[in-house]
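Me: I have a model open and want to learn how to read it. Where should I begin?

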Amino acid sequence: MKDQDDGSRVLKAVLIGDGAVGKTSIRRNYLGEDFLEGHLATIGVDLATKRVLFDQEVVKFILWDLAGQPTFEKVRGHYYHGSNGIILVYSVVNRDSFDNASKWFVEAYRNMGTLPPTVIVANKIDLLPGADASKVVTTEEGKAFTKYFIDKLEVPAVFIETSAKTGENIQDTFTHLLKMMSQAEQDDESGIFQGDPGI
Ligand SMILES: Nc1nc2c(ncn2[C@@H]2O[C@H](COP(=O)(O)OP(=O)(O)O)[C@@H](O)[C@H]2O)c(=O)[nH]1
Ligand SMILES: [Mg+2]
């Protein structure tokens, strides 16, 4: 897709996951904004745009930060359409948010059909020292979930552990996503089918 203003390539992604897992903080950190301790629930949707240099080309990257509350499902529906990437976030110190991760994929699938490249983000790793072990989601669980998702849905996906508070791996999250999104778009345009053709 092209930007109407200057004709540059546009890539869009959605941030999804339960409320309070750190979606808005991840977006803010990525954009170089300060970390906020308090949680102000996102109402409906927030939009961030950034121009990124990619493959020696300036690309307009649009990031939809969707409210996690179930009541906003209708609103979210619109933003899934036309997105080329997904960032699904859960908190490593909130097991419920991990258990709900598959529900978020179901919602995305319902709205998008075939899923675009996805980064599965295990956020708040700075809170792991001293956290209640019964609530902690381990690295192995996150990787197993990602593998299951890749195998089952044949979607390009990566797993990454982050802290929006310290900034650890936040830039990498977006680098991975943009790389996969760009690759997927090129594959589409070239008509090359990368999956197993079954021959
Ligand atoms: N310690 C820590 N707190 C975080 C992190 N990310 C977000 N938070 C806090 O978690 C709460 C919810 O964050 P927010 O970004 O609003 O979550 P959202 O509802 O998913 O957008 C806020 O109090 C943030 O300060 C993190 O990586 N580490
Ligand atoms: Mg938010």
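**Reading the core, a strand and two loops**

Reply: Begin with the core, bearing in mind that the model is predicted. The largest nonpolar core has 43 residues, and V14, L15, I87 and L88 have the most contacts inside it. Helix α6 (residues 170-190) gives the largest share of this core, six residues.

Me: How do I look at a single core residue, and which residues does L15 contact outside its own stretch of sequence?

Reply: Set aside the neighbours within four places in sequence and list what remains. For L15 the list is K23, I26, R27, L63, W64, D65, L66, I87 and V89. I87 is also one of the residues with the most contacts inside the core.

Me: Next, a strand. Is β5 mostly covered or mostly open?

Reply: Count the buried residues, then see which way each one points. Strand β5 spans residues 118-123 and is mostly covered, with six of its six residues buried. T118, I120 and A122 point one way, V119, V121 and N123 point the other way, and all are buried.

Me: Which strands pair with β5, and in what sense?

Reply: Look at the bridges and the direction of each partner. Strand β4 (residues 85-91) pairs with β5 in the parallel sense over six bridges. In that pairing, S91 stands opposite N123 of β5. Strand β6 (residues 157-161) also runs parallel to β5, and five bridges join the two. There, T118 stands opposite A157 and V119 stands opposite V158.

Me: What do β5 and β6 form together with helix α5?

Reply: Follow the chain from strand to helix to strand and note the hand of the turn. β5, helix α5 (residues 139-153) and β6 make a right-handed β-α-β unit.

Me: Now the ligand. Which residues come nearest to ligand 1?

Reply: Take the shell around the ligand, then ask where its residues come from and what kind they are. There are 21 residues around ligand 1, and G22, K23, T24, S25 and K165 come nearest. Helix α1 (residues 23-30) supplies the largest share of the shell, three residues. By kind, the shell divides into six nonpolar, 10 polar and five charged residues. K23 is also in contact with L15.

Me: Loops are harder for me. Why does S83 count as buried?

Reply: Being in a loop does not settle the matter; count the neighbours. S83 is placed in the loop between α2 (73-80) and β4. S83 counts as buried because 21 C-beta neighbours lie inside 10 Å, and the cut-off for buried is 20 or more. Its contacts, leaving aside neighbours within four places in sequence, are K12, A13, V14, W64 and P116. S83 and A13 are 70 residues apart in sequence, yet their C-alpha atoms are 5.1 Å apart in space.

Me: And why is K135 called partly exposed?

Reply: Apply the count again. K135 is placed in the loop between β5 and α5. K135 is partly exposed because 13 other C-beta atoms lie within 10 Å, while exposed would need 12 or fewer. Not counting residues up to four places away in sequence, K135 touches V93, N94 and R95. R110 lies 25 residues from K135 along the chain, and their C-alpha atoms are separated by 29 Å.

Conventions
Residues numbered from 1 in each chain as written. Chains lettered and ligands numbered in written order. Predicted model: local features only at pLDDT ≥ 70, side-chain atom pairs only at ≥ 80, totals over all residues. Helix = DSSP H or I, 4+ residues; strand = E, 2+ residues; numbered from the N terminus. Pairing = 2+ DSSP bridges. Right-handed = clockwise from strand over helix to strand, strands pointing away. Near = placed C-beta within 6 Å. Nonpolar A, V, L, I, M, F, W, Y, C, P; charged D, E, K, R; others polar. Core = buried A, V, L, I, M, F, W, Y, C linked by C-beta atoms within 7 Å. Contact = placed C-beta atoms within 7 Å.
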